[in-house]
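Good morning, colleagues. I would ask you to look at the sequence and the structure together while I describe them.

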Amino acid sequence: MKKIKEFAVLCGTSSKTLRFYDKIGLLEAEYTDPENGYRYYSDGQKTQYEVISMFKDMGFTLDEIKTGILG
């Protein structure tokens with residue numbers, strides 16, 4: 001498991017973007033520590049991020065990706 005910052009670097013994005021995706025339920029953290037709120041992501045979630053990124057590049061909105069493609 002990787003902390004959000006490490007996962008953001010791996011994906012080439014920002015922690016802010018990952019927090020937003022988690023908040024809207026698009027890419028939820030694998031685990032969130034209930035004591036400190038730290039988010040942790042698995043290596044396998046990189047593929048999910050890449051799919052989201054690909055559809056964004058194709059012009060789909062985050063809502064379309066969440067409800068239509070990944071939903």
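Helices and strands, as I use the words today, are DSSP runs, with at least four residues for a helix and at least two for a strand, numbered from the N terminus. By that convention, Ser-15 lies in helix α2, which covers residues 15-23. Please keep in mind that this is a predicted model.

Let me begin with the chain as a whole. Its secondary structure amounts to 4 helices and 3 strands. Read from the N terminus, the order of elements is β-α-α-β-β-α-α.

As to overall dimensions, the C-alpha trace spans about 35 × 20 × 20 Å along its principal axes. The radius of gyration is 12 Å, which agrees with the value near 11 Å for a compact globule of 71 residues. Of those 71 residues, 28% are buried. Among contacts with a separation of 6 or more, 44% join residues 24 or more positions apart.

The accessible surface of the protein chain is about 4700 Å², and carbon and sulfur atoms contribute 50% of that surface. The chain carries 10 positive and 11 negative charges, and the mean positions of the two sets lie 7 Å apart.

I turn now to the sheet. In what order do the strands of the open sheet lie? The order is β1-β3-β2, and the pairing is antiparallel. At the edges are β1 (2-3) and β2 (31-32), each of which pairs on one side only. Between β2 and strand β3, residues 39-41, the antiparallel pairing extends over 2 bridges. Within this part of the sheet, Thr-32 is placed opposite Arg-39 in β3.

The loop between β2 and β3 contains Tyr-38. Beyond four places in sequence, Tyr-38 touches Lys-3, Tyr-31, Thr-32 and Asp-33. Its relative accessible area is 43%, so Tyr-38 is classed as partly exposed. For a sense of distance, Tyr-38 and Lys-66 are separated by 28 residues in sequence and by 23 Å in space, C-alpha to C-alpha.

Finally, I return to helix α2. Is Ser-15 buried or exposed? Ser-15 is buried, because its relative accessible area of 13% falls under the 20% cut-off. When neighbours within four places in sequence are left aside, the residues in contact with Ser-15 are Ile-4, Lys-5 and Ala-8.

To close, the two residues I have singled out can be set side by side: Ser-15 is buried, whereas Tyr-38 is partly exposed. Thank you for your attention.

Methods
Residues are numbered from 1 along each chain as its sequence is written. This is a predicted model: local features need pLDDT of at least 70, side-chain atom pairs count only at pLDDT 80 or more; totals for chains, interfaces and linings use all residues. Side-chain values use heavy atoms; hydrogens and water are left out. Buried means under 20% relative accessible area, exposed over 50%, partly exposed in between (1.4 Å probe, protein chains only). Contact means heavy atoms within 4.5 Å. Two strands pair if DSSP finds at least two bridges between them. The radius of gyration is taken over C-alpha atoms; the globule rule is 2.2 Å times the number of residues to the power 0.38. Accessible areas come from the Shrake-Rupley method with a 1.4 Å probe; for residues, only the protein chains shown count as cover. Lys and Arg count as positive and Asp and Glu as negative; His and the chain ends are not counted. The place of a charge is taken as NZ of Lys, CZ of Arg, CG of Asp or CD of Glu.
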